[in-house]
Amino acid sequence: MAPVSSGRVRRRARGSKRADARARSAEDWWWDRLAPRGSGYHLQQADSMLLVLPDLEPTRARAHRRAPRRAPRPPTRGPTAAAKHRAKPRPEPSPDQGPDSGWGDRIPLEVLVHIFGLLVAAHGPMPFLGRAARVCRRWHEATSHPALWHTVTLSPPLVGRAAKGNLKAEKKLLASLEWLIPNRFSQLQRLTLIHWKSQVHPVLELVSKFCPRLTFLKLSDCHNVTADTLVMLAKACCQLHSLDLHHSMVESTAVVSFLEEAGSRMRKLWLTYSSQTTAILGALLGSCCPQLQVLEVSTGMNCNSTPLQLPVEALQKGCPRLQVLRLLNLIWLPKPCGRGVPQGPGFPSLEELCLAGSTCNFVSNEVLGRLLHCSPKLRLLDLRGCARITPTGLCDLPCQELEQLYLGLYGMSDGLTLAKKGSPLLTQKWYHTLRELDFSGQGFSEKDLEQALAVFSGTSGGLHPALCSLNLRGTRVTPSTVSSVISSCPGLLYLNLESCRCLPRGLKRAYRGLEEVQWCLEQLLTSPLASR
């Protein structure tokens, strides 16, 4: 047998490829031309070959029914031919022919800015403004309006990777901010920096130069914040009145220097408790911030076991206009006052007091009285974890229009002697204004809870109670009491019945929304335990 040359093999391969291509093109033509029409065509498959068979007489492929080519016409000569081949002007489209591609130019700039402002208020300026600026020149002009950049959050990418990667990402973002801040942030009011490790000073230096209207600054998980940086910002931004330093490594000397410079206009201050918090509180006690309205001190990721000793009366003198005081998850105790020492001035403007903690603290009726003896405007009282507080001590408070009361004991009721009666004193005093009530983990008896919650069903004047959230987790509430309070409070939207030992199985859970609460009422009314 004669050997086959390599050239002949390549020619055969090319021929088979051309045949396969012609087959594929024919198949594609069938799918594109016939199958989408969907009338009278069947699909059959045999030996892994897909055939398209029409019901009617099969037509020939396009390649086999080519029409004979027409003979080319001889070109005409003269001025008439030149006129025929002359390009005709394209007519302009009328409004009835379709949408105009330039519709964006007809929207007034003020309307675009207003629409973008609604989106920014809901989702923030980034990344929407950056993407919208690439649509057209009109949108670019609208997104450049400084009023849209009043609230900005800046966080470098690559968080959690190597330190060199974080440093490189911060420098790259800083290079963009060197153009963005002077050209967009002239009306910036609220700035949040998250996870900045080394470039905080350059960023705040740019802010101090080009953002004179800054009112709020939040530094979350930021490092290397020096006293010079904060003082420079306090001097340049004369409207800055709120500082949030949660979970940031800031020296106490830096915060004290900032408060000495901007303390006269400070309204809100958030701190993370550490060993240096005492120095900052010392500046507050010295009337450094007489206009302060919000003060929050909470623990960080690593809980500090050192108790915080707080001189209550000195704080009342140093911050007489305080409206919100939060000491969250802190182990703190008030500095004892000597015998014969008169009570402090109190907090006459206080509306919210939060002393919630996950561990047992030293807050008692006497401490609560020292804090709130002159606070008639109190609306929110959060005492979760304060097991030493009794209903009698709460009943002696001067506030008459309390709206939110939280007395839950989460995971700490074991081994504690809890009050078994007294809950009716609380509901009788504040039933007309209470919107949220938390009794979780309390040791009130079944009869005591029945009397307390029955107050909401005896409202006078045909007015319904304002109660919309009730937490009875782990209490001895009975089915009849729960069904009564649901029927009396049509606005109840949250009901927590987890671990309630007196309720039937299947109903011990949290109910959210009006439909779920009404379903719970139906189940309780049909349950055999409801009549007990």
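Let's start with helix α3, which covers residues 109-123 of this predicted model. With 15 residues at 1.5 Å a residue, α3 should span 21 Å, and its end C-alpha atoms do sit 21 Å apart, so the expected length and the modelled one agree.

Which residues of α3 are buried? They are Leu-112, Val-113, Phe-116 and Val-120. If you look down the axis of α3, these buried residues fall within an arc of 95°, so they line one face of the helix. The spacing makes sense once you recall the geometry: an α-helix has 3.6 residues a turn, so residues three or four places apart point the same way. What do the buried residues of α3 pack against? Their partners are α4 and α5. Now turn to the face of α3 that points away from the buried side: here you'll find the exposed residues Glu-110, His-114, Leu-118, Ala-121 and Ala-122. Just after the helix comes Gly-124, with a positive phi near 90°.

The helices α4 and α5 turn up again at a pocket. The second largest pocket has a volume of about 410 Å³. It is lined by 22 residues, and the closest to its centre are Met-126, Pro-127, Gly-130, Trp-149 and Leu-180. The elements giving two or more residues to this lining are α4 (128-132), α5 (137-143), β3 (151-154) and α6 (163-184). Of these, α6 gives the most, with 5 residues. As for chemistry, the lining of the second largest pocket divides into 14 nonpolar, 5 polar and 3 charged residues.

Next, have a look at Ser-242, which belongs to strand β6 (residues 242-244). Is Ser-242 buried or exposed? Its relative accessible area is just 2%, and since buried means under 20%, Ser-242 counts as buried. Leaving aside residues up to four places away in sequence, Ser-242 touches Thr-215, Phe-216, Leu-217, Met-266, Lys-268 and Trp-270.

Finally, let's move on to Leu-397, which lies in the loop between α13 (391-395) and β14 (404-406). This loop residue counts as buried because its relative accessibility is 5%, below the same 20% cut-off. What does Leu-397 touch, not counting residues up to four places away in sequence? Its contacts are Leu-368, Leu-372, Leu-381 and Lys-429. You can also check its distance to Leu-371: the two residues are 26 apart in sequence, and their C-alpha atoms are 10.0 Å apart in space.

Definitions and conventions: Residues numbered from 1 in each chain as written. Predicted model: local features only at pLDDT ≥ 70, side-chain atom pairs only at ≥ 80, totals over all residues. Heavy atoms only, no water. Helix = DSSP H or I, 4+ residues; strand = E, 2+ residues; numbered from the N terminus. Buried < 20%, exposed > 50% of the residue type's maximum accessible area, 1.4 Å probe, protein only. Contact = heavy atoms within 4.5 Å. 1 Å grid on protein atoms, 1.4 Å probe; cavity = no way out; pocket = protein on both sides within 12 Å on 5 of 7 lines; lining within 4 Å. Points joined across faces, edges and corners; volume = space filled by probe spheres on them. Nonpolar A, V, L, I, M, F, W, Y, C, P; charged D, E, K, R; others polar. Expected span 1.5 Å × (residues − 1). Arc of directions from axis to C-beta.
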